[in-house]
Amino acid sequence: MQQANLLFRQATRAVLFSALAAGVAGAQASKNVPVLSDYFAILDTLHFLGTATVPLFSVADPVLTKTNAYFADYLGHRVLAFDRHGKLIHSYGARGSGTTNLQLPYGMLQTRGGELIVNDRGNQRLQVLDTALSFKRTIAATGQNEQIHVLSGAPSRLVVQGVTACQQPMGCVITTLSESGGALQVFGAIPNDIVQFTWRSAVNPSNELLVVNMIGSHATIYADGGRILRTFDLKSPSMIHFRSEPGPDSNSSFLLQRLKTERFTKIQRISYDAGHILVQLEIVNPRHDEPRFLLDIYDENGCLRVSGIRSDGLVTRNGAIEYLISRNPNAFGSIVTRQIHLLVERLPPTCAKTADDSK
Amino acid sequence: MSSFRRSFLAILLGFVAWGALSGLRRSLPALIGRPLISREFDWRLNKHKLTFLQLGSNSTVTVPDGDGQHSYIFIFFNYGDCYAGQADFPFWNQLPSKFDGTVKIIGITSGASPEKLRYFLDKADVRIPILYDSTDQVISELYFRGVRTPARILVDRTGAIRSIDGADYGQDSSQTAYIERVKRVLGALESGRKASGVQISIAQEF
């Protein structure tokens, strides 16, 4: 009996010691992992809760204004407007191809004039709405488009970046449109690059367009007009690449590598803030045993300033909003948006080590 | 390292790479004529009275009514942000009426939650029976075999895969051609011709 007691005491001590050691190690580890508030001012947080009639599990990047939040609900084929307290105030659209119908609306933005532009992907057009979600006009935009941007300066112009990876032929095409409709320029066709994934893009205040492939390892910056200004590598230690060689056999190469690679990184979003490039990474990991979202910060010359910042959700465009889509606490989705702003003075003065430097 | 060793190593690596690539290319045609490989999966979404299909644990498709008279077209799709599959929904809805009741059409999808799938189905007017692969195993298995969604897999009444096709992006001409091809393949099988003699095209080849 005494022996059993002794054993029990020893086991308890061992468990307590292990727990303490694990706690200290965990605290030390989490202390070293940069988090969003280390480099960003967090200005505003809003909460939106989905319901059975208005679920929020299929919305694209939000548009936040001083009074409202707008979401394109791509599975619901409609656009939703909420007030800042999370109350639904307007809904626009239903599935179809008619004038005021939508099909797979995938993202929206607000112009400087205050109009909302919806990427009506399935109907291959843009729809222009006012802030009360009343229809104003459509703009033709061929293809399953991925992202839209507004260029600065007059006359007003839009940039549409497509096509998505699920459409043939795949690759990236960029079209500049007048706001009244009509293509002004088409450039950026990359038919022989990695074809299996969609492209992401962002526009800076000088109208330079940054484009990356979601699984790519380099960024291309185009001048307004389509000339390539520069390219740079995206090789931060946060990225887990698998190589898929460009060329006619790139699909086979992709699939072969995909078979071998369990974990890899997708570039989910890129955006500009305070003269820097924010690269939002998502770690694809079937075991889900590591952080899902990491953020890297580059300067506009491609120098990596910080890598591996943990974020709860996606950091995306429109003034650098972080938003989190979560199915908790109910089954119909909930969204938390946080407006954030990069604090440049907190960035390290020199370039960080890239993955190549670490080798 | 001597040049002889380097050459030997290069040749060895070349063989390994060649073997791996060949294996990948062979994987799709290798599915033809085989049973539809599937594991137990959860098809709790019962919107369309899915009482006629069970997936047995012996990796073959079995039909509970046991008549052995029906072939199947399984449509594997993702319902996320891609319009390619959605453009074909009206076509899928028409398919059951194109084969005089001899071919049953079943959609199989996975995704985040049954609620999200139900929301999608309600909004998208999908009228074929849908199975929900809650474990993502069936679609993952096909994906790793080089079949991208949306994919239509024709399974004859013996449970063997006869063709794999991709999306038609809503194009009438290729949809009509697909129906004719299915009729031709099944007709040839019924008239006793060897399966190997049937021209089967794989529209979505990698």
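Which handedness does the link of Cys303(A) and Cys351(A) have about the S-S bond? The legends below, drawn from a predicted model, begin with this link.

**Figure 1. The disulfide of chain A, formed by Cys303(A) and Cys351(A).** The link is left-handed, with -130 degrees about the S-S bond. The two sulfur atoms lie 1.9 Å apart. Over all chains, the structure holds one disulfide. Cys303(A) belongs to the loop between β20 (293–299) and β21 (304–310) of chain A, and Cys351(A) to the loop between β24 (334–342) and α4 (355–358) of chain A, so the pair ties together parts that are 48 residues apart in sequence. Cys303(A) counts as buried, because its relative accessibility of 13% falls under the 20% cut-off.

**Figure 2. Arg121(A) and its contact with the backbone of Asn145(A).** Arg121(A) sits in the loop between β7 (116–120) and β8 (125–129) of chain A. With a relative accessible area of 1%, Arg121(A) is buried. Its side chain reaches the backbone oxygen of Asn145(A) at 3.0 Å.

**Figure 3. Asn207(A), a loop residue with positive phi.** The phi value of Asn207(A) is near 65 degrees, which is positive in a residue other than glycine. Asn207(A) is part of the loop between β14 (199–203) and β15 (209–213) of chain A. The relative accessible area of Asn207(A) is 9%, and the residue is therefore buried.

**Figure 4. Ala274(A), a partly exposed loop residue.** Although Ala274(A) is not a glycine, it has a positive phi of about 50 degrees. The loop that holds Ala274(A) runs between β18 (264–273) and β19 (276–284) of chain A. Ala274(A) has a relative accessible area of 34% and is partly exposed.

**Figure 5. The largest nonpolar core, with 34 residues.** Within this core, Ile73(B), Ile75(B), Phe120(B) and Val126(B) touch the most other members. At least two residues of the core come from each of β3 (71–77), α3 (89–94), β4 (103–109), α4 (114–124), β5 (130–132) and α6 (172–190) of chain B. Apart from it lies another core, of 16 residues, which includes Ala202(A), Leu234(A), Ile270(A) and Tyr272(A).

**Figure 6. Helix α4(B) and the surroundings of Phe120(B).** The buried residues in α4(B) are Pro114(B), Lys116(B), Leu117(B), Tyr119(B), Phe120(B), Leu121(B) and Ala124(B). In an α-helix there are 3.6 residues a turn, so residues three or four places apart point the same way. When residues up to four places away in sequence are not counted, Phe120(B) touches Leu75(A), Phe77(B), Tyr79(B), Gln86(B), Phe89(B) and Val126(B). Just after α4(B), Asp125(B) adopts a positive phi of about 60 degrees.

**Figure 7. Chain B as the setting of α4(B), with six helices and seven strands in its secondary structure.** Along the sequence, the elements of chain B follow the pattern α-β-β-β-α-α-β-α-β-α-β-β-α. Chain B has 206 residues, of which 46% count as buried. Among the contacts in chain B with a separation of 6 or more, 71% are accounted for by residues 24 or more positions apart. Chain B has an accessible surface of about 10200 Å², and 52% of this surface belongs to carbon and sulfur atoms.

Note on methods. Residues numbered from 1 in each chain as written. Chains lettered and ligands numbered in written order. Predicted model: local features only at pLDDT ≥ 70, side-chain atom pairs only at ≥ 80, totals over all residues. Heavy atoms only, no water. Helix = DSSP H or I, 4+ residues; strand = E, 2+ residues; numbered from the N terminus. Buried < 20%, exposed > 50% of the residue type's maximum accessible area, 1.4 Å probe, protein only. Polar contact = N/O pair within 3.5 Å; in protein donor to acceptor, adjacent residues only side chain to side chain. Core = buried A, V, L, I, M, F, W, Y, C linked by side-chain atoms within 4.5 Å. Contact = heavy atoms within 4.5 Å. Disulfide = S-S within 2.5 Å. Areas by Shrake-Rupley, 256 points an atom, 1.4 Å probe, with all protein chains shown as cover.
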